[in-house]
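Reader: I should like to learn how the fold, the enclosed spaces and the helix geometry of a model are to be read. Could we take them in turn?

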Amino acid sequence: MTDRTTAGRGRTATAGFDRRLLPPMLLGSVLNPVNSTIIAVTLIPIGNALGAPPSQTAWLVSALYLATALGQPVVGRLIDIFGPRRLFLVSTTLVGVAGAIGTAAPNLGVLIASRVLLGFGTCAGYPAAMALLRSEARRTGRDSPGGVLTALAVANQTIAVIGPLLGGLLIGLGGWRTTFALNVPLAGAAVLLGLLRLPKEAGTGESPQRGRIAAQLDLPGMALFAATLVSLLLFLMNLHLRDWYLLAVTAAASAAFAVRELRAPTPFIDLRVLGGNTPLLATYGRALVAYVVSYAFLYGFTQWTEEGFGLSPFHAGLVQIPMFLVAIGVSVLTGRRKGVRGKLIVGGLGQIAACAVMLTLTGASPVWTLVLVALIFGVPQGLNSLGLQNSVYFQADPERTASSAGLLRTFAYVGSMVASATAAASFGRRVDTGGMHHLAWIMLGAAVLYLLMTVFDRTLGGATDKDAPADAPRAR
């Protein structure tokens, strides 16, 4: 067993990654995807039980991702300063509380509130894992994260496989409320693993300064960032010209945020550094567009298989399984291979192909065509998530690894909010084939944009195509 000296745990410089860290890293990082995929098959039963149309139940998706989009960079920043342990324990405890509230929710409003808490509760898992990965690289003097990054990607894909099927099973056994109750034991296990396995100090290089914690956190910057995202989501969730003022609020808040961050001595998001890191900015842009397609399929297509095609929640979950199985296989096969550009290009082509097949589907299509779409989507599902994750690890400033990883998730979740709003607008009050085709055309346009952003991005390569030293300069 590895001897550890840091934080009283006998931690010394050894040649390999401490495998005891993997269980809390993996469990923490999958709390968000398990709730994302389970809700996909739960939206229709919840709507039927509470008398809510798809345009309202879409808030169950957007509420979680709004909270996560806000919380990921905030919690990532806190992890950069304080290390992952405390933030991991607080956040995962909140997951259990949110699960209990959702289980007993009397109406849609309370259920949405529980999803907001879930969003904040699942914020720490991924940036904590990336921070631990960085601290282990410094401890060992080696920076070869391919295997661990692949493990994170495969864990998320595996949970995504289980999520829809598990959701269908739980609904069949105890109704949709059991899908929220599941978070209580999962959170308990995560807290226990965090207490037993996470080091007390494993930050990425920045130390808290007494008396200057508020300045280091940049609370005004965080507030303006939140105002930008909230106003944007409110506009997206109810697209109408009468709500143009929300876009004005978004523009004003984002401009104020930029001014604040450029002047702040310790900014929440260092726009000066980020603005000079063209490869990282390009990666964030790709993530947003890629996840518009991915989440529109996960939520929009799944709702159509239930209401438009007539499948039960359990069978709708079964249709999703081929996608995630293919994604796992693709991640395992390509995870240790150097290079990102090829993965992202093939992922873009896969998205285009899957969207084209979606446009051919009707309520009378054979079931195997639904499975075919899921199989095709599995290729970009595996390649894109892995390629984007690897890109950020090598492109980010080492001292802001956790916050940079959190910001990647923020862009992904903004993409998911766009997808949710698009699905709500496409379906309206009824999920039918015409609405699904409308959604597929939007997805196809986003997939083409993603491919173009990748093909013409000359910043790809460099540090993302090799195992760079732990403290090597990142591409700017």
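**Reading the fold and its spaces**

Author: Buried residues make up 59% of the 476 residues in the protein chain of this predicted model.

Reader: How many helices and strands does the secondary structure of the protein chain contain?

Author: The protein chain has 18 helices and zero strands. As for contacts between residues at least 6 apart in sequence, 84% join residues at least 24 apart.

Reader: How many cavities of 30 Å³ or more are found, and what is the volume of the largest cavity?

Author: A cavity is a space where a 1.4 Å probe fits but cannot get out. In the whole structure, four cavities of 30 Å³ or more are found, and the largest cavity has a volume of about 530 Å³. Its lining comprises 30 residues, of which N156, Y291, Y295, Q381 and S385 are the closest to its centre.

Reader: Which element supplies the largest share of the lining of the largest cavity?

Author: That element is α16, with seven residues. The helices that each supply at least two residues of this lining are α1, α6, α13, α14, α16 and α17. By residue class, the lining of the largest cavity divides into 18 nonpolar, 11 polar and one charged.

Reader: What is the volume of the largest pocket, and which residues lie closest to its centre?

Author: A pocket, by contrast with a cavity, is an open set of points. The largest pocket holds about 310 Å³ of space. It is lined by 16 residues, and F225, T228, L229, F257 and F411 are the closest to its centre. Two or more lining residues come from each of α10, α11, α12 and α17. The lining of the largest pocket has 12 nonpolar residues, four polar and no charged.

Reader: Why is F257 classed as buried or exposed?

Author: F257 has a relative accessible area of 9% and is therefore buried, the limit being under 20%. This residue is found in helix α11. Leaving aside residues up to four places away in sequence, F257 touches G221, L224, F225, F268 and I269. The C-alpha atoms of F257 and A226 are separated by 9.6 Å, although the two residues are 31 apart along the chain.

Reader: Where does a kink lie in α14, and what span does this helix reach?

Author: Helix α14 covers residues 313-334 and reaches 32 Å from its first C-alpha to its last, close to the 32 Å expected for its 22 residues at 1.5 Å a residue. Within α14, a kink of about 30 degrees lies at Q320, shortly before the proline P322.

Note on methods:
Residues are numbered from 1 along each chain as its sequence is written. This is a predicted model: local features need pLDDT of at least 70, side-chain atom pairs count only at pLDDT 80 or more; totals for chains, interfaces and linings use all residues. Side-chain values use heavy atoms; hydrogens and water are left out. Helices (H or I, at least four residues) and strands (E, at least two) are DSSP runs, numbered from the N terminus. The expected span of a helix is 1.5 Å times one less than its number of residues. The bend at a residue is the angle between axes fitted to the seven residues ending there and the seven starting there. On a 1 Å grid over the protein atoms alone, a cavity is a set of points where a 1.4 Å probe fits but cannot get out, and a pocket is an open set with protein on both sides within 12 Å along at least five of seven lines; lining residues have an atom within 4 Å of a point. Grid points are joined across faces, edges and corners, and a volume is the space filled by probe spheres set on the points. Ala, Val, Leu, Ile, Met, Phe, Trp, Tyr, Cys and Pro count as nonpolar, Asp, Glu, Lys and Arg as charged, and the others, Gly among them, as polar. Buried means under 20% relative accessible area, exposed over 50%, partly exposed in between (1.4 Å probe, protein chains only). Contact means heavy atoms within 4.5 Å.
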